[in-house]
Amino acid sequence: MQRYSSIRLLREALRGHSGWEQAWNTPDPRPQYDYIIIGAGGHGLATAYYLGKNHAISNVAILEKGWLGGGNTGRNTTIIRSNYLHDESVAIYEKSRQLYESMSEDLNMNVMFSPRGVLTLAQNHHEVHCLMRIAGSNFRQGIDTEFITPSRISEICPSICIDGPRYPVRGALWHPQGGTARHDAVAWGYARACSAMGMHVIEDCEVTGILQSESRVTGVTTTRGAIHCNKLGIVAAGYTGKLAEMAGFELPIESVSLQALVSEPVKPFLDVVVMANTVHGYVSQSDKGELVIGGGTDGYNNFSQRGSFTHIEESISALVEMFPMISRLRILRQWGGIVDMTADRSPIISKTPVKNLYVDCGWGTGGFKAIPGSGWAMAELMVNDAPGLLAAPFDLQRFSQGRFVDERVAAGVAH
Ligand SMILES: Cc1cc2nc3c(=O)[nH]c(=O)nc-3n(C[C@H](O)[C@H](O)[C@H](O)COP(=O)(O)OP(=O)(O)OC[C@H]3O[C@@H](n4cnc5c(N)ncnc54)[C@H](O)[C@@H]3O)c2cc1C
């Protein structure tokens, strides 16, 4: 793999960028692989990457029905944080956050990880109590989180209107190690690294069926023919339910659209991520100056990847309460992604009723931040046919046994 460096950048600048290699290969599928991963989003690519990096397995294909990173990975608002409530969640999200810190060096791709800090606002008494409880938990878990007063919020983010018209800001959870990263670069970096290890990243290859013999997976049928494998991972976010159906079982997830939008670019005024769950909007400013804005999920199940007027109105009216200065900004574009929601808003990284078939899904509205940790845990599960410490709490049995890792009750929102 050609290494990216400032010297190479300079050399290419001087010769009209004519010497760059293709970042990842675009092979035709082989008839057989040891491992197949369905879905070239961040989680699928990270799984493949850690199969290679941690377990020296490279006979792997990652099959993608569209284009690389074209699912939720390329559609999210890129918030990264690890200040969840439960120990099980903190373990995997903090592992992930730490892997983000070294990801650019690890992948030799600038993923623009920016630990600028995340402010989660409390705008009613109930939220004050919830966030104080999370701060207490995080203190015990060793996560750098602090419950701060309105005056401290104003110091950190002077543009927030503390005395908003409906819900004044009563405090916030401040998580200085949280931040953002460039979503496409994460997908591209993993794809490039997988390709360099000899894996096949195959785009435009939709899985249409799952082949089995005696309740053991043997491969998949695709729009580019049948491909056989020893082990199969479904890592397809909102489409996981459909793939499970092809394999003959049901998963406790619902697919809904989550929307986001960006404004026209303006001069820098917001150097932290702000989340406001009561009014329900969250915002950060991109390096280009655009405001990256997210809101809630659609209130009904659907597979629409488009935006809608209702969401613009809801998200903007929420944010204008806190940032009246943005009220006259123009919106540039909006879109949706199909997120996979579990009842407890925690993921599923698990074996399934079909032998050698594994799922990694249920990351819902908050899985971008989990990409490296999830890939690490899923690779471990697939290789050992048993979960490691990170994945163990997130098996499918927890739903039938009532062992929820309930982050829904904890925060009500999981971006
Ligand atoms: C608007 C929005 C905002 C969000 N904001 C945040 C945030 O701020 N922070 C955060 O942490 N998370 C956020 N998320 C959630 C996050 O984006 C997802 O949890 C994460 O990207 C899921 O990654 P993935 O790799 O599992 O799925 P995806 O990136 O969706 O990848 C799955 C891939 O599987 C492919 N696929 C599906 N079916 C098939 C098939 N039959 N054959 C072959 N390929 C198939 C799809 O085309 C897709 O590319 C947000 C999501 C959205 C939509």
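**A ligand and two domains**

In this predicted model, the shell around the ligand takes at least three residues from each of domain 1 (26–79 + 85–94 + 101–106 + 183–252 + 344–411) and domain 2 (118–176 + 255–341).

User: Which class has 20 residues in the shell around the ligand?

Analyst: Let's start with who is there: 40 residues surround the ligand, and the closest are Gly 39, Gly 41, Gly 71, Gly 337 and Gly 367. Helix H2 (42–55), strand S12 (254–263) and strand S16 (331–341) each give the shell at least two residues. Split by class, the shell has 15 nonpolar residues, five charged ones and 20 that are polar.

User: Which helix supplies the largest share of the side of domain 1 that touches domain 2?

Analyst: The centres of the two domains are 28 Å apart, going by C-alpha atoms. Across the contact, 22 residues of domain 1 meet 22 residues of domain 2. On the domain 1 side, helix H3 (87–101), helix H8 (240–247) and helix H12 (407–411) each bring at least two residues. The largest share there is three residues, and it comes from H3.

User: And what is the make-up of that side of domain 1, by class?

Analyst: We're looking at the residues of domain 1 that touch domain 2. They divide into three charged, nine nonpolar and 10 polar.

User: How many of the nine residues in helix H1 are buried?

Analyst: Helix H1 covers residues 6–14, and Gly 16 follows it with a positive phi near 65°. To be buried, a residue needs 20 or more other C-beta atoms within 10 Å of its own. H1 is hardly covered, and its count of buried residues is zero.

Notes: Residues numbered from 1 in each chain as written. Predicted model: local features only at pLDDT ≥ 70, side-chain atom pairs only at ≥ 80, totals over all residues. Domains from an automatic or database assignment. Contact = placed C-beta atoms within 7 Å. Helix = DSSP H or I, 4+ residues; strand = E, 2+ residues; numbered from the N terminus. Nonpolar A, V, L, I, M, F, W, Y, C, P; charged D, E, K, R; others polar. Buried ≥ 20, exposed ≤ 12 C-beta atoms within 10 Å, placed from the backbone. Near = placed C-beta within 6 Å.
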